[in-house]
Amino acid sequence: MTIKIDLVDEINVLKMFDVSSSQLGIKVHHDAESNVVEATERLYNKGLISQKDGGYLTGLGRDAAVHAKDLLTILTTA
């Protein structure tokens, strides 16, 4: 199975969140790169973030962000 670029973009948006606190969110401005704006909207539609332009991670979103960061740590550690 090949990972499509749309999923890579979504993972990159999830990486922007600080999972150490539920009080920390992000804001993706309308003039951000189009792939980032679109990925953020898809994450919202999937119920992983609270706002179409970022906001906060939902419970499921926090789980996804933690797993994504863990996977990237495993894959990039020598």
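Let me begin with a single residue: apart from residues up to four places away in sequence, E10 touches A39, R42, L43 and K46. The model we are looking at is a predicted one. In it, E10 sits in helix α1. Is E10 buried or exposed? Its relative accessibility is 6%, and because the cut-off for buried is under 20%, E10 counts as buried. One of its neighbours deserves particular mention, namely R42: the side chains of E10 and R42 are joined by a polar contact of 2.5 Å.

From that residue, allow me to step back to the whole chain. The secondary structure consists of 3 helices and 3 strands. Along the sequence, the elements follow the pattern α-β-α-β-β-α. As to overall dimensions, the C-alpha trace spans about 35 × 30 × 20 Å along its principal axes. For 78 residues, a compact globule would be expected to have a radius of gyration near 12 Å, and the protein has 12 Å, which agrees.

How much of the protein counts as buried? The share is 26% of the 78 residues. The accessible surface comes to about 5,400 Å², and 57% of it belongs to carbon and sulfur atoms. Turning to contacts between residues at least 6 apart in sequence, 55% of them join residues at least 24 apart.

I now take the helices in order, starting with α1. Its 12 residues should span 16 Å at 1.5 Å a residue, and the end C-alpha atoms are 17 Å apart, which agrees. The buried residues in α1 are D9, E10, V13 and L14. Seen down the helix axis, these buried residues fall within an arc of 140°, so they line one face of α1. A general point about helices applies here: an α-helix has 3.6 residues a turn, so residues three or four places apart point the same way. What do the buried residues of α1 pack against? Their partners are β1, at residues 26-27, together with α2, β3 and α3.

Next comes α2, at residues 34-45. This helix has 12 residues and reaches 16 Å from its first C-alpha to its last, close to the 16 Å expected at 1.5 Å a residue. Which residues of α2 are buried? They are V36, V37, A39, T40 and L43. Down the axis of α2, the buried residues lie within an arc of 165°, so they line one face of the helix. S34 and N45, on the other side of α2, are exposed. The cover over the buried residues of α2 includes α1, β2 at residues 49-51, and β3. Two of the buried residues in α2, A39 and L43, are also among the residues that E10 touches.

Two further details concern this part of the chain. E38 is also found in helix α2, and it is partly exposed, with a relative accessible area of 43%. E38 and G55 are 17 residues apart in sequence, while their C-alpha atoms are 15 Å apart in space. After α2 comes G47, whose phi is positive, near 80°.

The loop between β2 and β3 holds D53. D53 is partly exposed, with a relative accessible area of 27%. Leaving aside residues up to four places away in sequence, D53 touches I26, K27, V28 and T40. With which of these does D53 make a polar contact between side chains? The partner is K27, and the contact is 2.3 Å. D53 and M16 are 37 residues apart in sequence and 13 Å apart in space, C-alpha to C-alpha.

Finally, I come to α3, at residues 59-76. With 18 residues at 1.5 Å a residue, α3 should span 26 Å, and its end C-alpha atoms are 26 Å apart, which agrees. The buried residues of α3 are G61, A65 and A68. These cover an arc of only 65° around the axis, which puts them on the same side of α3. On the other side of α3, G59, L60, H67 and I74 are exposed. The cover over the buried residues of α3 includes α1, at residues 5-16, and β3, at residues 54-57.

To close, I return to α1 as a point of reference. The buried residues of α1 pack against elements including α2 and α3, and E10, in α1, has a polar contact of 2.5 Å with R42.

Definitions and conventions. Residues are numbered from 1 along each chain as its sequence is written. This is a predicted model: local features need pLDDT of at least 70, side-chain atom pairs count only at pLDDT 80 or more; totals for chains, interfaces and linings use all residues. Side-chain values use heavy atoms; hydrogens and water are left out. Helices (H or I, at least four residues) and strands (E, at least two) are DSSP runs, numbered from the N terminus. The expected span of a helix is 1.5 Å times one less than its number of residues. Buried means under 20% relative accessible area, exposed over 50%, partly exposed in between (1.4 Å probe, protein chains only). The arc is that of the directions from the helix axis to the C-beta atoms. Contact means heavy atoms within 4.5 Å. A polar contact is a pair of N or O atoms within 3.5 Å; within protein, one must be able to donate a hydrogen and the other to accept it, and residues adjacent in sequence count only if both atoms are side-chain atoms. The radius of gyration is taken over C-alpha atoms; the globule rule is 2.2 Å times the number of residues to the power 0.38. Accessible areas come from the Shrake-Rupley method with a 1.4 Å probe; for residues, only the protein chains shown count as cover.
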